[in-house]
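Biologist: Please take me through this model. I want to hear the rule behind each label.

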Protein chains: 2
Amino acid sequence: MEGQISKTSAVEAKAGTASAEGGKGARGSQSLADRLFLTLRSEIVEGRIAAGSKISEPELARRFDASRGSLREALMRLESLSLIERKVNVGARVVDLTERGLLEIYDVREALEGMACRLAAQNRSEEDLGELRQMLHRHEQQEELQKGTAYFQPEGDFDFHFRIVQASHNDLLIDTLCNKLYYRVRMYRYQLGMASPRAHRAFREHSHIIEAIEAGDGELAEILMRRHIRASRSNIENKLSKQN
Amino acid sequence: MEGQISKTSAVEAKAGTASAEGGKGARGSQSLADRLFLTLRSEIVEGRIAAGSKISEPELARRFDASRGSLREALMRLESLSLIERKVNVGARVVDLTERGLLEIYDVREALEGMACRLAAQNRSEEDLGELRQMLHRHEQQEELQKGTAYFQPEGDFDFHFRIVQASHNDLLIDTLCNKLYYRVRMYRYQLGMASPRAHRAFREHSHIIEAIEAGDGELAEILMRRHIRASRSNIENKLSKQN
DNA sequence: ACCCTATAAAGTGTCGACAATCTGAAGTCG
DNA sequence: CGACTTCAGATTGTCGACACTTTATAGGGT
């Protein structure tokens, strides 16, 4: 007994912001609760629903012209992403953005993305390598274009990490990072607005990581990725300690 | 006779995001959906509801004398643990136990528990060290008692990994492992019935890991834990390849 | 015998309403 | 004047019913 592989998870990882308004044009096999979930996720990540604010089920239900039942399903999915917290008989609140929470995310990312690099190097396919090289080339041109200014915003960085993880071919890892953790990462980036000021350095580091993956050197790829993330963490840490 | 609540002795997790709420939460989590969730989780983990089997909402609702609404909430929570999979307009199935899925879990655990060890060594408190030593002592006596026979079943091993993760003091890490991933690990252990045949070796490895944490050597602790988990993974891998 | 179509059955998605609980303010007593 | 009790308002948890989709079954055509 073996064989059946659950490809179900990694598919949904679309970064594209779904239509903010309830334009019912969507064809498809997605439920109302599904659409509510996607919309609310965007609003929370982008801060249109403030971090730490209370969520009123009746109010949101009226706003989206849906029943409380469907809305509750959306809220529970948001809870499973740790974007909101629910207490019984009290209600739901958007999570707070804390310094500690952000640093904790970095530690987890260091571990998981390091492993993703190792696996990507071990299981590398010509197809993955092609996409990675292509992406790096795009980013290089972007960087040439706007010298020094933030390396195409955080989006370029996101793109990089996203594809590396995909190349690991470990569905659990992909799901944990791309479908769960990354939404909270984006929430921090949007709302604490940290455009990485490590433009050139970050690009070079990305480049070296992909080289290691190409060479099939999983150990090196892991080390480089962990160092890359830890540098980013230190950077944030300094920034935050100065702010206070 | 229904066991109702999981008798997960030493292994009961605390919800994530330990906000400094002074009074011990202590309030019974008395939502009906909550109880259904706990009951179903046990039944799935222990295999009383077979892996891969279809789940009928009306049938389960009748069986527990609850409405479909409450049951659906429980099911969605199970989905967020990856214990069941739901497809729109089709229904829910208990996840399959696949060789690939099991190995993927080991890779993720290697990354996360390795990091947990590193953090535990960095943030070690006298309280945590005391508990770890005490636990190790208990396990040692257990081992003396039943020489060689499976090191107090997998429970001892579980206890070890559980407490190490707690000692990391990273709430995200704790939540990811203890409140999410470990239930699937337990599901595999119960149903593929793999009592680790690495009794003495596992105990010695545990011992060395805790020594490294005591010494504050995060790097060594991480390396040892990763080696420990990788050995367990290889062990399983061999076992499975022989079975086929 | 096979394939396609149409109908019936079952199951899921969604909704509105009722009951239990919590929050907050007014009122009372020391 | 302050602390406790009481009560009203609002919110969450739970339920049963209805609409739509999927699936299984039976029938007819080639």
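**Contacts and the rules behind them**

Modeller: Start with the two protein chains. 32 residues of chain B are in contact with 34 residues of chain A. Contact means heavy atoms within 4.5 Å. This is a predicted model, in which local features need pLDDT of at least 70, side-chain atom pairs count only at pLDDT 80 or more, and totals for chains, interfaces and linings use all residues. Residues are numbered from 1 along each chain as its sequence is written, chains are lettered from A and ligands numbered from 1 in the order in which they are written, and side-chain values use heavy atoms, without hydrogens and water.

Biologist: What is the area buried between chain B and chain A?

Modeller: About 3000 Å², with 56% of it from carbon and sulfur atoms. Buried area is the accessible area (1.4 Å probe) that two parts lose on being put together, summed over both.

Biologist: Why is the pair Arg226(A) and Glu222(B) called a salt bridge?

Modeller: The rule asks for a side-chain nitrogen of Lys or Arg within 4 Å of a carboxyl oxygen of Asp or Glu. Here the N to O distance is 2.7 Å, so the pair qualifies. Eight salt bridges are counted between chain B and chain A.

Biologist: Which element gives the most to the side of chain B that touches chain A?

Modeller: H4(B), with 11 residues. Helices (H or I, at least four residues) and strands (E, at least two) are DSSP runs, numbered from the N terminus.

Biologist: How do the residues on that side of chain B divide by class?

Modeller: Into 11 nonpolar, six polar and 15 charged. Ala, Val, Leu, Ile, Met, Phe, Trp, Tyr, Cys and Pro count as nonpolar; Asp, Glu, Lys and Arg as charged; the others, Gly among them, as polar.

Biologist: Now the DNA. What makes a residue count as near a strand?

Modeller: One of its heavy atoms must lie within 4 Å of the strand. 19 residues surround DNA strand C, and Leu32(A), Ser67(A), Ser70(A), Arg68(B) and Arg72(B) are the closest. Sugar and phosphate make up 68% of the atoms of DNA strand C within 4 Å of the protein.

Biologist: How do you know that Ser67(A) makes a polar contact with DNA strand C?

Modeller: A polar contact is a pair of N or O atoms within 3.5 Å; within protein, one must be able to donate a hydrogen and the other to accept it, and residues adjacent in sequence count only if both atoms are side-chain atoms. A backbone N or O atom of Ser67(A) lies 3.0 Å from a phosphate oxygen of DNA strand C, so the distance rule is met. The side chain of Arg86(B) places an N or O atom 3.4 Å from a phosphate oxygen of DNA strand C.

Biologist: Which residues come nearest to DNA strand D?

Modeller: Pro58(A), Arg68(A), Arg72(A), Leu32(B) and Ser70(B), out of 17 around DNA strand D. A polar side-chain atom of Ser67(B) is 3.0 Å from a phosphate oxygen of DNA strand D. For Ser31(B), a polar side-chain atom lies 3.2 Å from a phosphate oxygen of DNA strand D.

Biologist: Where do the domains of chain A lie?

Modeller: Domain 1 is 13-94 and domain 2 is 99-243. Those bounds come from an automatic or database domain assignment. The two domains of chain A bury about 1100 Å² between them, 62% of it on carbon and sulfur atoms.

Biologist: How many salt bridges does the rule find across that domain interface?

Modeller: Zero. Three residue pairs are in polar contact between the two domains of chain A, both residues at pLDDT 80 or more.
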